[in-house]
Amino acid sequence: MNCKIALISGDGIGPEIVREAKKVLDAAAKKYGHTITYTDVLMGGASIDVHGIPLTDSAISDCQAADAVLMGSIGGNTSTSPWYQLPADRRPEAGLLKLRKSLRLFANLRPASLYQELKAACPLRNEIIGDGFDLMIMRELTGGLYFGERKTVEENGILKAYDTLTYDENEIRRIAKKGFEIAQKRRKKVTSVDKANVSDSSRLWRKVVEEVAKDYPDVLLEHMLVDNCAMQLVKDPGQFDVILTENMFGDILSDEASMITGSIGMLPSASLNDTKFGLYEPSGGSAPDIAGQNIANPIATILSAAMMLRFSFDLDQEADAVEQAVQKVLTEGYRTGDIMSEGCTKVSTSEMGDLIAERI
């Protein structure tokens, strides 16, 4: 198979971690007889530096022409970077929002599981961790507060800001279907997270999810308020299988879930449209404070590449090989600094990529 991949290295540690994911993809392609064609695409601060805007029409076209997109990280230091002196619609993250909308990427999958080798890096007590956890956060990605109308006005000499959270029933229905379909392939449980005790949008969310659930009688549905879910993630993460939720709640909960895995550097993600096309990226940020030091953890990006092989190319064997290589390296005791523990061997970003690629 010839796989056409658009590569968005992005900002901060992005180029370093994408480089290692590419190294692992090339190793898998060589072993299993595939070819990969890469197209480098600028987005975020890297695009601002060259083009003055975070995402060009040409960059969107390059992504649309590919079979999938692999991305590093976007953005910089919001306090010191000149990118954040620009209007909001020209800042790095605006490029990512525009790309998600342009590619119709409405379903964000963020798995969070705890490797037994990283139990020491998990901030939760052993009695809470138990036998570990393996959950999937299914986040709606193109609606809600992040895409609603917003403005700042002055009324009677006082500044007032508006952000609008809107969902229609079709937006909710399509992400709910994805959530139940994923649950059918896992442990057949969906926890739909909302704020239905307060919000009209959440009450509509709950109503539509219940309607969709009728088409999946083999999947158990439960509802949970978002504040309770935030507590339950650190009280008993093993209770969750698929967490289905809207855009902002999913953004917050997935970052919380990443930390109980031991490091945000371990959490991959996939953003899918209604075809096989997807954008794959680590859930962490650009970490500008460690950029260029060859110390970032590339595993989340490498696992994102494995998700790409599985979901966009239907190459399950190859995806398994990548995931097993990651497991083997961890079992052998190699760690980047963020997941380092006593008795292990500390390695750099590039060394971790080499080790994983060698074990494909």
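## Close-up views of a predicted chain

**Figure 1. Overview of the whole chain.** The secondary structure comes to 12 helices and 14 strands. The model is predicted. The C-alpha trace spans about 60 × 50 × 40 Å along its principal axes. A compact globule with 360 residues would have a radius of gyration near 21 Å, and the 20 Å of this chain agrees with that. Of the 360 residues, 53% are buried. Take the contacts with a separation of 6 or more: residues 24 or more positions apart account for 74% of them.

**Figure 2. Surface and charge of the chain.** About 15,700 Å² of the chain is exposed. Carbon and sulfur atoms supply 50% of that area. The side chains include 40 positive and 52 negative ones. The centres of these two sets lie 2 Å apart.

**Figure 3. Strand β3 and its two parallel partners.** Strand β3 covers residues 68-73. Buried residues number 6 of the 6 here, so the rest of the structure largely encloses β3. Strand β1, residues 2-10, runs parallel to β3 and is joined to it by 5 bridges. One pairing to look for is Leu-7, whose bridge partner in β3 is Leu-70. Strand β12, residues 278-282, also pairs with β3. These two strands run parallel as well, with 2 bridges between them. Here the pairing to look for is Val-69, whose bridge partner in β12 is Leu-279.

**Figure 4. Gln-232 in helix α8.** The helix α8 takes in residues 226-235, and Gln-232 lies within it. Is Gln-232 buried or exposed? Its relative accessibility is 15%, and the cut-off for buried is under 20%, so Gln-232 counts as buried. Which residues does Gln-232 contact, leaving aside neighbours within four places in sequence? They are Met-224, Pro-237, Gln-239 and Phe-240.

**Figure 5. Thr-56 in the loop between α2 and α3.** The loop holding Thr-56 connects α2 (45-51) with α3 (57-65). Thr-56 has 15% relative accessibility and therefore counts as buried. Residues up to four places away in sequence are not counted in this view of its contacts. On that basis Thr-56 touches Ser-47 and His-51.

**Figure 6. Arg-104, a residue with positive phi.** Most residues other than glycine have a negative phi. Arg-104 is not a glycine, yet its phi is positive, at about 60°. Where does Arg-104 sit? Its place is in the loop between α4 (92-102) and β4 (107-113). Arg-104 has a relative accessible area of 46%, which means that it is partly exposed.

**Figure 7. Asn-156, a positive phi between two strands.** Asn-156 is a residue other than glycine with a positive phi, near 55°. The loop that holds Asn-156 lies between β6 (150-155) and β7 (158-163). How is Asn-156 placed, buried or exposed? With a relative accessible area of 81%, Asn-156 is exposed. The cut-off for exposed is over 50%.

Definitions and conventions. Residues numbered from 1 in each chain as written. Predicted model: local features only at pLDDT ≥ 70, side-chain atom pairs only at ≥ 80, totals over all residues. Heavy atoms only, no water. Helix = DSSP H or I, 4+ residues; strand = E, 2+ residues; numbered from the N terminus. Rg over C-alpha atoms; globule rule 2.2 N^0.38 Å. Buried < 20%, exposed > 50% of the residue type's maximum accessible area, 1.4 Å probe, protein only. Contact = heavy atoms within 4.5 Å. Areas by Shrake-Rupley, 256 points an atom, 1.4 Å probe, with all protein chains shown as cover. Lys, Arg positive; Asp, Glu negative; His and termini not counted. Charge placed at Lys NZ, Arg CZ, Asp CG, Glu CD. Pairing = 2+ DSSP bridges.
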